[in-house]
Amino acid sequence: SDVEMDKSNGILLGETGSGKTLLAKTIARLLDVPCYIQDCTKLTQSGYVGSDVEDCLVGLLRATNYDIERAEMGIVVLDEIDKCAKRDAGPSITRDVSGEGVQQSLLKIVEGDLVGVPPAGGRKHPEQQLLYINTKNILFIASGAFVGLEDIIRKRLGSRKIGFDADYMIGTDEKSVVKYATTQDLREFGIIPEFVGRFPIITNVEKLSKEDLIRILKEPKNSIIKQYSALLAMDNTKLSLTDDAVLEIATLANNLGTGARGLRNIVETVMTDIMYEAPRNSSNKKPVEITVDGNYVI
């Protein structure tokens, strides 16, 4: 065909624990392409202490066992990209090496370029043998919580009323506000125009509801309840939770505001004593049942 296909990088917005990283990893697994999650909080501009931006390509190569051809069709997730937002320069700040500098260093890599990377990662030096990887077809997905972006969007929409009991007319809840995010909002947040221009797709992951948290507790193969059930099964003890108890765990986790990560917090608190006491009573072979008030019967 005479048509040349280009990639469309994307920015994925959503609060913590809403499944942004898991979504990208699941897509990569279904498409059978390599995927690497790059933590942007430790990236710095070239020449400064920290990790160079090329480390994301080194990680992708490692995920493919250094198969360059396969790596050139992979997915790189730039996680926590909001932590690299541009800072306002103060009187004692000369260079923003972990903010704007990182965004500038990523420009050509994200757009598509032949990039030389050291095989073992780390700093480059003149006599080092480099591996060259073409990023033209590597899909880059930038994700982050972007805390405070909602206020910027509401301000742009002009959706605030005046008065002592003033509230926002549009998007009283966060999940309905973030979907209105535009390039203009991201620029005001601290993402430079050159960087956000290379991510034509801006989308969001909605906040998990209480019903979503219940499904997360019950359905996945690695759900926290199934993990504890497997651990207790090693001591010939069966674990069961009432429906009301599962609902209460989801409610408490929802109130924490940390998304699916809050589930482990609540379940760990409930299971601490059980994990010590259940093995001592394993000879009874009675199931452990957790009720809504947090009590359990052994």
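Where does E54 lie? In this predicted model, E54 is placed in the loop between β2 (35-39) and α2, and with a relative accessibility of 16% this residue counts as buried. Leaving out residues up to four places away in sequence, E54 touches I109, V115, G116, V117 and K124.

**Overall composition**

The protein has eleven helices and ten strands, and buried residues account for 38% of its 298 residues. Of the contacts between residues at least 6 apart in sequence, 68% join residues at least 24 apart. The accessible surface comes to about 17100 Å², with 51% of that area belonging to carbon and sulfur atoms.

**Helices α2 and α4**

Helix α2 is mostly covered, since seven of its nine residues are buried, namely D55, C56, L57, V58, G59, L60 and L61. After α2 comes N65, which has a positive phi near 60°.

Helix α4 covers residues 100-111, and because a rise of 1.5 Å a residue gives its twelve residues an expected span of 16 Å, the 17 Å between its end C-alpha atoms agrees with that expectation. Its buried residues are G101, V102, Q103, L106, L107, I109 and V110, and the elements that cover them include α2 (55-63), β3 (75-79), β4 (114-117), β6 (139-144) and α7 (193-196). I109 thus appears both among the buried residues of α4 and among the residues touched by E54. The helix is followed by G112, whose phi is positive, near 130°.

**Nonpolar cores and a surface patch**

The largest nonpolar core has 41 residues, and those with the most contacts inside it are L57, L78, F140, F146, L149 and F195. A second, separate core of 21 residues includes Y228, V246, A253 and I266. Returning to the largest core, L149 is in contact with L13, A181, D185, L186 and F189 once its neighbours within four places in sequence are set aside.

On the surface, L23, I27 and L31 form a nonpolar patch with about 270 Å² of accessible area together. I27 belongs to helix α1 (residues 20-31) and is partly exposed, its relative accessible area being 38%.

**Salt bridges**

Side chains of opposite charge can pair when their charged atoms come close. The structure holds eleven salt bridges, including the three tabulated here.

| Pair | N to O distance |
|---|---|
| K83 and E80 | 2.7 Å |
| K108 and E111 | 3.2 Å |
| D185 and R156 | 2.7 Å |

K108 and E111 both lie in helix α4, three residues apart, which is about one turn of the helix. Each counts as partly exposed, K108 at 43% relative accessibility and E111 at 42%.

For the salt bridge between D185 and R156, with its closest N and O atoms 2.7 Å apart, the partners come from distant parts of the chain: D185 is in helix α6 (residues 183-189) and R156 is in helix α5 (residues 149-157), 29 residues apart. D185 counts as buried because its relative accessibility is 0%, whereas R156 is partly exposed, with a relative accessible area of 30%. Elsewhere, E80, D82 and K83 are joined into one network by salt bridges that share partners. Within that network, K83 is partly exposed, with a relative accessible area of 37%, and E80 also counts as partly exposed, at 25% relative accessibility.

Notes
Residues are numbered from 1 along each chain as its sequence is written. This is a predicted model: local features need pLDDT of at least 70, side-chain atom pairs count only at pLDDT 80 or more; totals for chains, interfaces and linings use all residues. Side-chain values use heavy atoms; hydrogens and water are left out. Helices (H or I, at least four residues) and strands (E, at least two) are DSSP runs, numbered from the N terminus. Buried means under 20% relative accessible area, exposed over 50%, partly exposed in between (1.4 Å probe, protein chains only). Contact means heavy atoms within 4.5 Å. Accessible areas come from the Shrake-Rupley method with a 1.4 Å probe; for residues, only the protein chains shown count as cover. The expected span of a helix is 1.5 Å times one less than its number of residues. Patches are made of residues with over 30% relative accessible area and no salt bridge: like charges are joined within 9 Å, nonpolar side chains (Val, Leu, Ile, Met, Phe, Trp, Tyr) within 5 Å. A salt bridge is a side-chain nitrogen of Lys or Arg within 4 Å of a carboxyl oxygen of Asp or Glu. A nonpolar core is a set of buried Ala, Val, Leu, Ile, Met, Phe, Trp, Tyr and Cys residues joined through side-chain atoms within 4.5 Å.
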